[in-house]
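Okay, thanks everyone for coming. I'll walk you through one model today, so have a look at it while I talk.

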Amino acid sequence: MSDDVIDAETLDPDFKFEIAKQAGGENMKLCFQCGTCSGTCPVRAINDKYNPRRIIRMALLGMRKEVLCSDFIWLCSTCYACHERCPQNVRIPELMMAIRNIAIREGNIHPVYTSYVTTLDGHGRLLEVGEFENEKRIKLGLPGIKEEAARVRKLFDHTKIREKAAGKQADEKACKTEGS
Amino acid sequence: MKEYALFLGCTVPVRGLHYEVSARKTAEKLGIRLVELPEFSCCGFPLEGADHLTSFAMAAMSLSAAEKKGLEIVTLCSACTATLTKANKKLKEDKALREEVNKVLRDVGSEFKGTTRVKHYARLLAEDIGYEAIKAAVTNPLSGLKIASHYGCHYLKPSEIYEGFDSPERPVTLDKLVEAVGAAPVDYEDKLLCCGGGILGIDELSSLKMTQLKLQHIKDSGADAMTFICPFCAVMYDINQKAAETKVGGKFNLPGIYFPQLLGIAMGFSPQDMALNLNRVKVNLKFGEAKS
């Protein structure tokens, strides 16, 4: 991220439309930069790497690569505190997830998301329920759980999330070389 | 006895067994029958930031499983609650998304129709059972105990999906439930603060700083314990309390108790029945005389 000078030549004026087309990003252009989100954000309060107002401004300006290939887009905790106070209904947590959806297709995927996809693919759930877990459950009088990964796998086959998560979909990936 | 489909999600059945045990036992005693559906797996929450369609398809798969049985869904995890409630609302309103999701669901022989409802167990207690009925079911009031409620985020927000059952800025339902079991609700600074669990895997230190801040505020309030209703909040405040102390600072020794555990003890279950031995921070509290 260039902090001092923004080179207008490198801006992508279509970026805001690209985000608006992505589910969750529809309302970004309504943002009038009041900063209520950043003032409310509990992550912003303890980590100045994350600043929702600034990220939205960068996106509106067309700083496509700087936003999509950054590491700050993963820091929203999706607490929705900003959403409740945003006067323009920008739906900031969902906007951040929309940006992540695009970033992943551009080759920037956080390892946590890679592990989500792999684990859900393998077990149908985020935490494995094997013999050990079921023994503990049964000891407490709880019913055993059978993993149902096959159904989840079929959904994954259809939506091609594995390929997206592996960055195999975009022809020209903005974050290919410097993806964090 | 009203019947509901119990949606456990991923975290509760592995890391929140005490939550599950206490919720099932208290529900049964209050006349609620909870059944499992084999189609239930992950709600889709983790994937909204990776691939929107997959996330909604996963939520819709579980919703349609409940629809087929003609059951409403009860949840224990707040993230599952928001994900399923939001998907249920959005898929009913947005025809294009519904058609797209149903195309995916055809591969698993499901279809989203929009005929079920989703409720968090705490909301069910507050709305459907009601505070008076809970008071009437209490045989061992937790009098003398000062309890700080942590509402967490997705139990209340985004508020437009929740039909105004509680306020996202000044929530009361959990405090009223605490009151109904005979304990004293305690207010504290920055009560709405998120547990930080959402970024634990992204930035552990930032996440623990958020956790630690609330532990400090609650400790300052003089509460004997905190109560929560989400397994991920429990991961942060109870399981990771030691990590928050070591990596950020402070010494709290603050028990974190799932609300149904408190409810169960107030209804006469023993601490063992409510699996209080599974809470990571030792619960050394006087619960009156538990008679089971």
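Before I get going, one term: when I say two residues touch, I mean they have heavy atoms within 4.5 Å. And please keep in mind that this is a predicted model.

Let me use that term straight away, on B:Ser207. This serine sits in helix H9 of chain B. What does B:Ser207 touch, leaving out residues up to four places away in sequence? The list is B:Cys195, B:Gly196, B:Gly197, B:Ile199, B:Leu200 and B:Met236. And is B:Ser207 buried or exposed? Its relative accessibility comes out at 0%, so it counts as buried.

Now, B:Lys191. You'll find this lysine in the loop that runs between strand E6 (184-186) and helix H9 (204-221) of chain B. Its relative accessibility is 16%. The cut-off for buried is under 20%, so at 16% B:Lys191 counts as buried too. As for its neighbours, again not counting residues up to four places away in sequence, B:Lys191 touches B:Ser149, B:Tyr151, B:Asp175, B:Val186 and B:Lys214.

Okay, over to chain A. How many helices and strands does chain A have? The count is 10 helices and 0 strands, so if you read along the sequence you just get α-α-α-α-α-α-α-α-α-α. Its C-alpha atoms fill a box of roughly 60 × 40 × 25 Å along the principal axes. Chain A has 180 residues, and 51% of them count as buried. If you take the contacts in chain A with a separation of 6 or more, 68% come from residues 24 or more positions apart.

On the surface side, chain A exposes about 8,700 Å², with carbon and sulfur atoms supplying 48% of that. For charges, chain A carries 28 positive and 26 negative side chains, and the centres of those two sets are 5 Å apart.

Last bit: a place where the chains meet. Two packed helices get described by the angle between their axes and the distance between the axes. Here, helix H9 (residues 149-159) of chain A packs with helix H3 (residues 52-69) of chain B at about 145 degrees, and their axes are 10 Å apart. The crossing of H9(A) past H3(B) is right-handed. Who makes the contact? From H9(A) we have A:Arg151, A:Val152, A:Leu155, A:Phe156 and A:Thr159, and from H3(B) we have B:Leu53, B:Thr54, B:Ala57, B:Met58 and B:Met61.

That's me done, thanks.

Notes:
Residues numbered from 1 in each chain as written. Chains lettered and ligands numbered in written order. Predicted model: local features only at pLDDT ≥ 70, side-chain atom pairs only at ≥ 80, totals over all residues. Heavy atoms only, no water. Helix = DSSP H or I, 4+ residues; strand = E, 2+ residues; numbered from the N terminus. Buried < 20%, exposed > 50% of the residue type's maximum accessible area, 1.4 Å probe, protein only. Areas by Shrake-Rupley, 256 points an atom, 1.4 Å probe, with all protein chains shown as cover. Lys, Arg positive; Asp, Glu negative; His and termini not counted. Charge placed at Lys NZ, Arg CZ, Asp CG, Glu CD. Axes fitted to C-alpha atoms, helices over the stretch in contact; angles between N-to-C directions. Left-handed = near helix turned anticlockwise from the far one by under 90°.
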